[in-house]
Amino acid sequence: MLPTFINLALLGGLAAITAPILIHLLLKRKSQRMRFSSVQFFLKHDEQSMRKRKLRNLLLLATRVLLFALIVLAFARPFLPGVVPAANEGERRQLIVLLDTSASMQAVAPAGTQWTRALEAARKELSALKMNDRAALVTCSTRADLVSEFAPASVVLTKLAEIKPSLGAARLDEGLRQVTKVLATANPAYKTEICVISDLQRSGSENIASTPVPREVAVRMIDLGERFIPNVAVTSFQVETTDENSPSATLTSFSDEETRASYRVTIDAKEVFTGTLTLPPGVVTNIPIALPALAPGWHSAEFALDAKDSLKADDVAYSTIYVPRAVHGLVVEPRNVPQIFAQESYFVATALNPVREEGKPSPSRFSYTKSSVNEVPAKLKSVPGQAPVEYVVLPGLKTLPTETVQALQAFVGSGGGLVLFLGPATSAIQMARLGEILPAQIGKLESTADAEGGWHLADFDKATPMFAVFKEPNSGNLSLPEFTQRFALAPTAGSSVVAQFEDGAPMILTRQFGEGRVVLVNTSADTVWTDWQKLKTFVPWVHATVRFVTRRDQAHEREVVPNFVSGAELALDVNNAAELKQQTLKLQRVGGEEITFNTDDDSVVQDLLLETPGIYILKDNSGRELRRIAANLPTAESDLSTLPPAELEQQIVRSAEPEPQILAAGLFGDDSRGKELWRALLICALVVLLLEPILANRLFA
């Protein structure tokens, strides 16, 4: 079999062989005649030297000519064709079909559903293969999966019929990465081709250049024919109230026409909010949502949009909200009066929870039980089925029974919180019975009746949690409340003054007693000594103070609710994750089947996908609900604009020739097409180049 040349024109360089021949002829030694008295001893030796010199000259000339010839032939790229299959057999093919199964493939285009058209294109490609050809099938969405390794087309067609579209995000780069793994098992004797069947969505085509494809493998993009498909979507749904955001939904129009739609909000399958709107083309709008008061525990929320668009999967968004158990306490009322507003604890109790109806959900995170001073010991005892008491609010009292004092000391020592107010009925002697619980010794009563105006709060510790809510600008002016009466206080050892009047007298003191905390407020709980209860700073201060004494700050109460997208892997993150190591847990989508899985040492779940948008309930092995998880369609899938196939093909990076695994493969480039000889010729030229100076030195030495 004769070799062929890729660069046939370079064979004209063989004319350069005349150069070493001319140099040889020009540098040939000429004999000189010399007179000697007798040459009988030189004649025989000179004939032998001449014969050896001529032989070396010819060998050197041949070496130089061979060197030039090898270099020219190497640059001409000689190619020894491989074995050509029989004419009736034809060239065998192996086709890898990369099928996009992302959510956007379910969009309805004028020519039909994208998924239906993609399946038809895949069947057409596979049906065109011959009996001896092979095919493989790879699907890609949030992650890529190998559906079928190389097999006859009939086998792959059977598996194609079983594939369903997913609701994950498109990742063509992940799909190509899986395809390159399949290529490692390809037969080099076959003609290999990759066929990408996708809507070529812009968001799914990002990073496609990160996966190189071998140069010899052809890549074809199947154009589904739709460059722009109009769509509107719910791109965000937030029901958690934070410092930065209030409950709202974000709607985005990916259309070039105005869209009119209606929407509804449901909480725990109960409709709570409805409305209609008109979306101009290409706009993003926020819809504020007013949520009702919810009972403690987990709740499921759904925002549904009713609009005529191309993709229905993104017309619904899900969210979860956790309402923590209310911080329950005991509010002591010293006055026995029928009118609630006449009670001394009225303002404090109303600030904690304005809802007074039993069993009615309240937006407040605090609850309380009213009690007389004599009932405190019994109320502080734990009762099965009832919320435990975490704090006690004690207005100024004239008497403190011994049982109440002992109960309060035990309660605070074991971790409870106590908020003490002073007032007109306060008895310094009775309050002293609290002992070490009391943050200060109570002295004489002071009044501003004979002076102009009253006292004001002038200095407070913003680092303490009860005043942290006032650190930001415009969060409330604590210098506005006016105080007309107070007690002279002497802080005890171990207590801290966190707020002072303008003259330096203590206003609020704190103390740690055992495991609990105590706050002493040098004013009345009602409006007898101050007008603070009528100002807007009173309620947030009461909330912050109760959180401080109970160690129930907002960060502790708020359950972290991460955002999940459908098709993604579940990242387990619950407050008690440390207790869930190597545990058996259950996950159930509302309306779906329950899945049992195990966690590892890091409380991480491996290979558990949230395949469908919706609300998922996470339970422990006993069936107790741990949390709820909302999974939504990836927002990138809502933008249905696509790229032209030619533009996407240009982004594909071709990999360099693979390094030879064996010497023969490296020298001859053995593949299904034949053998390339230029590497071997260059190596021979290198050997001849090293041999040439050796011959030249021996000749002229």
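pLDDT is the predictor's confidence in each residue, on a scale from 0 to 100. You'll want that in mind here, since what you're looking at is a predicted model. Averaged over the chain, the pLDDT comes to 84, and 85% of the residues reach 70 or more. Two stretches deserve some caution. Across residues 83–89 the pLDDT is below 50, and that stretch has one contact in the model beyond near neighbours in sequence. Residues 659–667 also have a pLDDT below 50, but here the model shows nine contacts beyond near neighbours in sequence.

Now for the overall picture. The chain has 701 residues, of which 44% count as buried. Its secondary structure is made up of 14 helices and 37 strands. If you take the contacts with a separation of 6 or more, 73% of them join residues 24 or more positions apart. We'll meet some of these long-range pairings further on.

Let's start with a pair of helices. Helix 3 covers residues 114–127 and helix 4 covers residues 153–160; they pack at an angle of about 170 degrees, and their axes are 9 Å apart. Angles over 145 degrees count as roughly antiparallel, so helix 3 and helix 4 are roughly antiparallel to each other. Their crossing is left-handed. Which residues in the two helices meet? From helix 3 come L119, A122, R123, L126 and S127, and from helix 4 come A153, V156, L157 and L160. Sorted by class, this contact has seven nonpolar residues, one polar and one charged.

Next, look at strand 6, which runs over residues 134–140 and holds T139. Is T139 buried or exposed? With a relative accessibility of 8%, T139 counts as buried, because the cut-off for buried is under 20%. Setting aside residues up to four places away in sequence, T139 touches L99, T101, A144, D145, V147 and I163. You can also pair T139 with V196: the two are 57 residues apart in sequence, and their C-alpha atoms are 9.9 Å apart in space.

Another threonine to click on is T537. This residue sits in the loop between strand 28 (516–521) and helix 10 (538–550). Being in a loop doesn't put T537 out in the open: at 3% relative accessibility, it counts as buried. What is T537 in contact with, leaving aside neighbours within four places in sequence? The partners are F470, G476, N477, L478, P481 and W532.

Other loop residues look rather different, so take each in turn. A313 is in the loop between strand 16 (297–306) and strand 17 (316–323). With 25% relative accessibility, A313 counts as partly exposed. Apart from neighbours within four places in sequence, A313 contacts L167 and L633. A313 can be paired with S638 as well; 325 residues separate them in sequence, yet C-alpha to C-alpha they are 8.9 Å apart in space.

Then there are a couple of backbone oddities. A269, in the loop between strand 13 (259–267) and strand 14 (270–279), has a positive phi of about 70 degrees although it is not a glycine. A269 is exposed, with a relative accessible area of 78%. N474 also has a positive phi without being a glycine, this time of about 65 degrees. You'll find N474 in the loop between strand 23 (455–460) and strand 24 (482–483). At 80% relative accessibility, N474 counts as exposed.

Finally, go to strand 37, which spans residues 674–676 and includes E676. Buried or exposed, where does E676 fall? This glutamate is buried, with a relative accessible area of 13%. How many residues apart in sequence are E676 and L80? The count is 596, while the distance in space is 6.2 Å, C-alpha to C-alpha.

Definitions and conventions: Residues are numbered from 1 along each chain as its sequence is written. This is a predicted model: local features need pLDDT of at least 70, side-chain atom pairs count only at pLDDT 80 or more; totals for chains, interfaces and linings use all residues. Side-chain values use heavy atoms; hydrogens and water are left out. Axes are lines fitted to C-alpha atoms, for helices over the stretch in contact, and angles run from 0 to 180 degrees between N-to-C directions. Helices (H or I, at least four residues) and strands (E, at least two) are DSSP runs, numbered from the N terminus. Angles under 35 degrees count as roughly parallel, over 145 as roughly antiparallel, 65 to 115 as roughly perpendicular and the rest as oblique. A crossing is left-handed if the near helix is turned anticlockwise from the far one by less than a right angle, and right-handed if clockwise. Contact means heavy atoms within 4.5 Å. Ala, Val, Leu, Ile, Met, Phe, Trp, Tyr, Cys and Pro count as nonpolar, Asp, Glu, Lys and Arg as charged, and the others, Gly among them, as polar. Buried means under 20% relative accessible area, exposed over 50%, partly exposed in between (1.4 Å probe, protein chains only).
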